[in-house]
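Student: I have a two-chain model open and would like to talk through how its helices and strands are arranged. Could you take me through it?

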Amino acid sequence: MSAAPAPAVEAAPPPIHTISLFVNNKPGVLVRVALTFSRRGFNIESLVVSPAAEGRFSRMTMTCRGAAADLDQVVRQLAKLVDVVHAIDHTGDQSYEVEIALVKVECPLDGRTQILQIAEHYHARVVDYGSEALILQLHGSSEKLDACLELLRPFGISELVRSGKLLMARGRRVT
Amino acid sequence: MQAKRLPTGGELLVRCLEREGVEYIFGLSGGAAMPIFDALVDSKIQLILVRHEQGATHMADGYARATGRPGVVLVTSGPGATNTVTGLLTALMDSAPLVVICGQTITPMLGKDAFQEADVTGITYPVVKHSYLVKDARELPRVIREAFYLATSGRPGPVLIDVPKDIGQNPCAAEPADVELDLPGYSVPGRGDPTRIAEAARYLSEARRPLLYVGHGAVISGAGKAITTLAEKLRAPVVNTLLGKGAVDETHPLHLGMMGMHGTAYANKAVVDCDLIMAIGARWDDRVTGRLSDFCTRAIKIHVDIDPAEFGKIVQPHVAILGDARLVIEDLVEQVELGDTAEWLALCARWRRQYPLKYPKQGGLRAQHVLARLDALTQGDAILTTDVGQHQMWAAQFCRTRRNRHWLSSGGAGTMGFGFPAAIGAQFAHPDREVWAIVGDGGFQMTMNELATAQLHRLPVKVLIVNNNYLGMIRQWQEMFYDNRLSGADLEGNPDFVKLAQAYGAKGLRIRRPADVDRILREARAWRGGPCVVVAEVVKEDNVFPMIPAGASIAEMLIEKPRHRLAKPEGST
């Protein structure tokens, strides 16, 4: 009898960090930012880029998994980029976070009761009610979206689009 | 009356460069850059035509390191631009201010695989401090001003400007003018935070075995004088990194020489035993710290740097002071008390006597001997540049740098082929100074085509080729760690370098015996008619010691070749 290999102890994945960047709205900024992550083999889990209140600046909100010390170094390197005005790791901050998702569930008309119950519970809106599929619009914290999607998965999610996390620091603190 | 002709974008660009005080442009022409080269015909800026674009970048780098002023490069699109990548990396890793201007295909053809098109801004993102793709000639005055400011301020570095041919060719209504800098994401640290400086002063005054660890940042900011005053007041010994050579005079009694992988034994022993180590413009490189978990575990660490991203990158300091090294140290000197370090200095002096740098005096011509003689003859007055490898480490050990900006070597990138073109750049910057490129036979062959450039301008630059017909450092590692299984180390097929020099019209001299060293070096020094290549035919199999194997701790330093077989190093390279 051969001994079965010992089950590998699954290490907890490194924590998710949410980083906000305030940058010049110029060509190439996104590449410079992305290279700062990819050089270390980090994967950007989500990314939102949009104009800031003043048009010559843009906002980037990104999430990334990694050890705190490594991410701290990445944030310093980001802040060093000439086109980055500031970079802040908001992990553990009291900030307001929200994400939007569109999810398409393929399901005949007569099998939708449970799906609609889940949607109601999560305050999701039905934005398209077709004969073979419906589209739900979810919004809330990323964790809430994850939970809702987990419940919908058994019904067959055929398409999913998430906005990525948006974040704003509360009070007078800077995002 | 005829209307005044509008300048082309190329002419505007060249006027902006004149406004920045550019003396020399190191470049190689090509189709996409022709409008800019054309504008140079009417400019007082001197164009130095090179033989390969890599040479241009290292010349500009040598010029920059020797003066502190930015080195300027002009090349064409596609392969012309990609040939600058090694030079950009070299400059970025060692914080040298370069402005590299590349021609590019015309704007309507961008991204359409035009002839000699390359996505140069894309290719170079990771090796520049910043870069620009100019799509409107009216932006040129701002772009040029920003590029020079970014290249030279804060932690210096290379900036690339990609200029499409139509931007250079077409008439443009803009004028070179004073441009207000608008860089909201960029700030340049100056003086340090007084609270941190006071904290550092307290630690320094209390330390019994303090050590000042001086890097390239000290050279760049001109902090040497202030550091010397600080060392004398604290009575603290000084060590420097490979690139920190010359900030503080290496012949100063408190100076223990270079630390790190091939540093002096006494410098490294001081690093192991110090109770406080202060990094001044240095970044705790792996060549310096050895195995990090064993590095100065009990010592207080103070870190002075102009780049906030360096704090905690490798070593978590007790005190981090953000600022210009010279300004920080000048403020610090005021606050420290006279050090009580007699015992510590006595210990360092004992190490210096016990473990001097040495090499076998028998068995043929040794690089160490040639370099020690060069040091004795030049007395630190010459600017020395090096390539990368054994000759570089021997030069660092045996040529003691007495003055700031007199030691130019590729440290971070470790670029073979750097030394000779860097010496050309330094010679252009200082026509009356003696400049020596100390190179190996391997590295020299990577950029020796620039002999044509040096000969054309009758530059009195000297090249000392430490010729062992090997990639010597590779051979040393294979001997020590790979059972002497030599792989890709033997440079069989080398040319006769003396004849090669002569083929370019340069002077060629050869040293074969130790007895010839002084005579030949004197002859080379006296020759001012153009470049002079001195080939030292040194013993083939010689090793650089002391040595800390990569990834080992400093305490495991090898003073001489061990009898036992060594494990393969764990360190990066």
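Student: How do α9(B) and α14(B) pack, roughly parallel, perpendicular or oblique to each other?

Tutor: Happy to help; this is a predicted model, in which local features need pLDDT of at least 70, side-chain atom pairs count only at pLDDT 80 or more, and totals for chains, interfaces and linings use all residues. Residues are numbered from 1 along each chain as its sequence is written, with chains lettered from A and ligands numbered from 1 in the order in which they are written. Helix α9 (residues 194–206) and helix α14 (residues 325–335) of chain B (helices being DSSP runs of H or I with at least four residues, strands runs of E with at least two, numbered from the N terminus) pack at about 55°, their axes 9 Å apart, where axes are lines fitted to C-alpha atoms, for helices over the stretch in contact, and angles run from 0 to 180 degrees between N-to-C directions. Angles under 35 degrees count as roughly parallel, over 145 as roughly antiparallel and 65 to 115 as roughly perpendicular, with the rest oblique, so α9(B) and α14(B) are oblique.

Student: Which residues of α14(B) make the contact with α9(B)?

Tutor: Contact means that C-beta atoms, placed from the backbone, lie within 7 Å. On the α9(B) side, the contact is made by Ile197(B), Ala198(B), Ala200(B) and Ala201(B). Their partners on α14(B) are Val328(B), Asp331(B), Leu332(B) and Gln335(B).

Student: Which residue of β2(B) stands opposite Phe26(B)?

Tutor: Strands pair if DSSP finds at least two bridges between them. Strand β1 (residues 24–27) of chain B runs parallel to strand β2 (residues 46–49) of chain B, and four bridges join them. β1(B) also pairs in the parallel sense with strand β3 (residues 71–75) of chain B over two bridges, where Phe26(B) faces Val73(B). In β2(B), the residue opposite Phe26(B) is Ile48(B).

Student: Which are the edge strands of the six-stranded sheet in chain B?

Tutor: This open sheet has parallel pairing and the order β9-β8-β7-β10-β11-β12 in chain B. An edge strand pairs on one side only. The edges are therefore β9 (255–258) and β12 (319–322) of chain B.

Student: At what angle does helix α11 of chain B run to β7(B)?

Tutor: Strand β7 (residues 210–214) pairs with strand β8 (residues 238–240) of chain B over three bridges, in the parallel sense. Helix α11 (residues 224–234) of chain B lies across β7, β8 and β10 (276–280) of chain B. Its direction relative to β7(B) is about 170°.

Student: How many residues of chain A are in contact with chain B?

Tutor: Chain B contributes twelve residues to this contact. The number on chain A is 15.

Terms used: Contact = placed C-beta atoms within 7 Å.
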